[in-house]
Every structure is written in C-alpha cells, then in structure tokens.
Amino acid sequence: MKTNNQPVFRLEKTVTDEHLAWFQQYGVIQFKNFIDKDTIAVILREIAHVQELLLRNDIQKVNGIPLKFGTDVDGTPLIQRIAFASHYSNILRTLLQDERLQSLTRLLGPYDGRIGENEKDGLVVNHYVNANDSQFKQLGWHTDSPRDLFLGSRILPMLNVGLHLDDCPIENGGLRVLTGTHTQSILKLLFRKKYFVDNNPDKNETGFNIAAGDLTVHDGRLWHRVQQSPQTGESSRRRVMYIPIITGSYQPKHASSPTPFYHKLAQVKQYLYGGRPQWTAAKGKTAPLADINHSLK
C-alpha cells in the first residue's frame, strides 16, 4: 500500500489551479484543517441530537434510504449511517452553505455542480466502530457511479466530499483509493472489482493519514473502500460526514421516495456475508421530515 504523498493543501477560500491540477491527475485530494476542534465538537453534539431524535421516533428510513443500525462499545443503540442528516439540523444545513465547500464545484468543470442536500442520500453521517454487534466496520471496493444507472440515467461526474471528525492514521484503517481510476473505461468502472463484497487490499491502493477536521474529496468514478480498523472498542471509532456534489438534472428525494434497488441489494449482500438485513424491518417506514425538523432547537 502507498501513502498519500500530495503536498499539504489547505482550502482557504476557494479551489486553486494547483488543487485542480492535482485532482484532475489523481481523482482525489486531501485538505488539512478544514474545520477546527471547536467546530468538530459542535458538529458531534448535533449529530448526537439527530441520532437521538431518529431513535426516539423509531425512524428506519429517510426519504426512502434505510438507516444502518448497530450497537456502540457500551452496548447502547447506534445509527451507523444516517442519510439526509442536514434535514434534521439547522447547524448542519448551515455548514453546507460554506463558500469553501461551494467552491469545490470547480473540480467538476466543465460541468455545473451543486451540493446535493436533497438528492442522492443527502448529507450522510457514517459512524464506523469495531464492536461485537457493529454492522458497519468497513466498506468494500466500489465506485459511486452505478447508482446513476440504477436510477435510469447515464453516469455523470460527481464528487464525494468527506469531512472527518476523528483522527485516523493510516495504520488504523480508513479510506483507501486506486488513484487515477476516475479516467478508466466503463468496463473497468463496472467490473474491475466485486462491488462492496471485495474488501481485499490492492497492491496499488493509496491510504491516508487523516486528522480530525481534514477534508477529503474524490471523484465518484474512483475505486475506493474503507479499511476496517485493527483496533477494537473506542480506539476504532471513525466518524465521517459525506457531502455529495453532483451534476445533471435536479432530482430531489422526499418522504414517499422508494428505496433504490442498489440499497436493497447492498443490504442483502450484507446479510449473505454475515450481517443482519436491516431493510426488512424498515420496510414502509419513512421520516416525517417537516414534523421532526420543528422539534430541533
């Protein structure tokens, strides 16, 4: 495995020509210290409030997207993947309006991009922890592009922006990518690896030394995975917010949106390879967003 050897980039006000040149070559870029520790603390408290709200109201789907449930290291319930998290929090919604995040659309040129707060899966909070009953310890090799095919549209460029809320040195697992694969052929994009099932390290993969507050951005066509932490318990905890920056026609989700087939397929695969099928219990339940939003202070 290689270690990300890029220069130390910071996203001060806007994407620069240097940032753009690096991203176009490798399909991934890391920005150091995008937010400070005080902001991280505020975000983590807000995520905890959103999780408590979802658990209290027995919400298992949001806009047709199933939540992933597990158990924390102390045995308490844990939502390990929250979709459309900003729909429940004015603080998280305001974060998405940060001009620096908006400037990332330049990486999609010549396409016009936008932050997909109400599209795809919205603002996603991933909470990885290596505990006995955790359902979300790693994520197998995949690209973010086939969802376009499942939704009946052609593959369009998009960015997946990760805002990291915990330190994650390379030896503790975390993001792995195959740099440069964002320019691969359609056959390699679809068939280079077994989607989500293959968790095996690749000799050409690149890992990252990530500190809490860092921002990573990768092209949705890039092959990537999340390596399981070799640690257990609290030291394995990794929390990341993912922000989709997308192109194409505006396709917002709503409370009556159906569950996309690729989500059902992913959960069936989880069951076949050792997990528990969460989507069967979630069938038919959606979050009343307008009602719940008013309950947040």
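User: In helix α1, about how many helical turns separate Trp-22 and Tyr-26?

Analyst: In this predicted model, the rings of Trp-22 and Tyr-26 have their centres 4.4 Å apart and their planes at 40 degrees, so the pair is tilted. Because the two residues are four places apart in helix α1, the separation between Trp-22 and Tyr-26 is about one helical turn.

User: Is the aromatic pair of Phe-9 and Trp-22 stacked or edge-to-face?

Analyst: A pair of aromatic rings is described by the distance of the centres and the angle of the planes. For Phe-9 and Trp-22 the centres are 6.0 Å apart and the planes meet at 75 degrees, and planes over 60 degrees apart count as edge-to-face. The pair formed by Phe-9 and Trp-22 is therefore classed, on its angle of 75 degrees, as edge-to-face.

User: Is Phe-9 buried or exposed?

Analyst: Phe-9 lies in the loop between β1 (2–3) and α1, whereas Trp-22 lies in helix α1, so their pair ties together parts that are 13 residues apart in sequence. A residue counts as buried under 20% relative accessible area, and because Phe-9 has a relative accessibility of 3%, Phe-9 is buried.

User: Which residue forms a salt bridge with Arg-106?

Analyst: The partner, whose closest N and O atoms are 2.4 Å apart from those of Arg-106, belongs to a distant part of the chain, 89 residues away. Arg-106 itself sits in the loop between α4 (99–103) and β7 (114–115), while the partner sits in helix α1 (residues 17–26). Arg-106 is partly exposed, with a relative accessible area of 35%, and its partner, at 54%, is exposed. The residue that completes this salt bridge is Asp-17.

User: How many residues apart in sequence are the parts tied together by Asp-121 and Arg-81?

Analyst: The side chains of Asp-121 and Arg-81 meet in a salt bridge, at 2.9 Å from N to O. Asp-121 lies in the loop between β7 and β8 (124–128) and Arg-81 in strand β6 (residues 77–82), so the distance in sequence between the parts that this pair ties together is 40 residues.

User: Over the ring of which residue does the charged end of Arg-100 sit?

Analyst: Arg-100 counts as buried, because its relative accessibility is 18%, and its side chain meets that of Asp-98 in a salt bridge of 3.0 Å, N to O. The charged end of Arg-100 also lies 3.8 Å from the centre of a ring, and that ring belongs to Phe-34.

Terms used:
Residues numbered from 1 in each chain as written. Predicted model: local features only at pLDDT ≥ 70, side-chain atom pairs only at ≥ 80, totals over all residues. Heavy atoms only, no water. Salt bridge = Lys/Arg side-chain N within 4 Å of Asp/Glu carboxyl O. Buried < 20%, exposed > 50% of the residue type's maximum accessible area, 1.4 Å probe, protein only. Phe/Tyr/Trp six-rings, centres within 6.5 Å; stacked < 30°, edge-to-face > 60°. Lys NZ or Arg CZ within 6 Å of the ring centre and 35° of its normal.
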